[in-house]
Amino acid sequence: AKPITVNTLRKMKASGDKFVTVALYDAPMAAMAQRCGVQVLLVGDSLGMTVLGYDSTIPVTMEQMIYHVEAVRRGNSKSLIMGDMPFMSYATTERAFTNATRIMQAGAHMVKLEGGEWVADTVHKLTERGIPVCGHLGLTPQSVNKLGGYRVQGRDAGAAKVMLRDAKLLDEAGADLLVLECVPSALAQEITAAVSMPTIGIGAGKDTDAQVLVINDILGLTEHPPKFSKNFLLEAGDIPGSLLKYADDVKNGIFPAGEHSFD
Ligand code: KIV
Ligand code: NA
């Protein structure tokens, strides 16, 4: 099959076809997910919590990200691999150049970084140099200590306005995708309509261009799963079935339901 590229994803946004992303961390899961029709494989820095046992994403290092991007790359043949830039690895544009280079050379097709206006110039400079970038707004876990916890973002009018502005700035800076995490559904819908890049929601309602879930949540490995996630293994019975059901439910607008979303 033809490999998934940024163009595939833009065409899907234009035609209103939802695409599917899974955050995963190793070769066999990557191989299975791409076989089950998952277009984007995110090697998330969530691996700090889902694989390594830390209580946040803040301890995650470049070496750990590279180790897992390489593993996912070895398992994948056709999906688009997105690698997270870990905490402080893009604090300056110079550091972003060095670290994004390493993640791309490890086998990612795109890097992801968290933040709004302050990263726009870095996004511009990376994309100009041929590195596709996915932004990440709303609940940005690398800022958990600044946010004061893991909670829904953009609920008051002022914060919603800033998030919409940040999304437009990232779009104008040349970002290729945008993750919206724990954002009221109506705001995610408004942002999705306002930007040219496809949006990927997690706890952002059904109207984003795509959805992302963490593999641990899909497979019921998480002790206290977040409201926005779903254990697909319960109904599906095995791992390929779970990935197929998740992909199908996203494509058909069945997932996420209201119970997985925020007002
Ligand atoms: O690290 C991660 O898995 C993520 C997704 C939850 C968007 O950033
Ligand atoms: Na992440």
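**Notes on Glu181, the ligand 1 shell and Ile191**

1. A good place to start is Glu181, which sits in strand β6. Please keep in mind that this is a predicted model. UniProt, in an unreviewed entry, lists Glu181 under "active site", and that label comes from the record rather than from the coordinates.

2. Glu181 counts as buried because it has 23 C-beta neighbours inside 10 Å, where 20 or more are needed. Leaving aside residues up to four places away in sequence, its contacts are His136, Gly138, Leu139, Ile202, Gly203 and Ala204.

3. Now to the ligand. Glu181 is also one of the residues around ligand 1, together with Ala23, Leu42, Gly44, Asp45, Ser46, Asp84, Val179, Ile202, Val212 and Val214. Two elements, β6 (177-181) and β8 (210-214), each give two or more residues to this shell. Ile202 is worth a second look: it belongs to the ligand 1 shell and touches Glu181.

4. Sorted by class, the shell around ligand 1 holds 6 nonpolar residues, alongside 3 charged and 2 polar ones.

5. Turning to Ile191, you will find this residue in helix α9, which spans residues 185-194. Ile191 counts as buried because 27 C-beta neighbours fall inside 10 Å.

6. Which residues does Ile191 touch, not counting those up to four places away in sequence? They are Met163, Leu164, Ala167, Leu180 and Thr199. As for Gly116, which is 75 residues from Ile191 along the chain, the two C-alpha atoms are separated by 13 Å.

Note on methods: Residues are numbered from 1 along each chain as its sequence is written. Chains are lettered from A and ligands numbered from 1 in the order in which they are written. This is a predicted model: local features need pLDDT of at least 70, side-chain atom pairs count only at pLDDT 80 or more; totals for chains, interfaces and linings use all residues. A residue is near a molecule or strand if its C-beta atom, placed from the backbone, lies within 6 Å of it. Helices (H or I, at least four residues) and strands (E, at least two) are DSSP runs, numbered from the N terminus. Ala, Val, Leu, Ile, Met, Phe, Trp, Tyr, Cys and Pro count as nonpolar, Asp, Glu, Lys and Arg as charged, and the others, Gly among them, as polar. A residue is buried if 20 or more other C-beta atoms lie within 10 Å of its own, exposed if 12 or fewer, and partly exposed in between; C-beta atoms are placed from the backbone. Two residues are in contact if their C-beta atoms, placed from the backbone, lie within 7 Å. UniProt positions are given in the numbering used here, feature names are shortened, and annotations may be inferred rather than shown by experiment.
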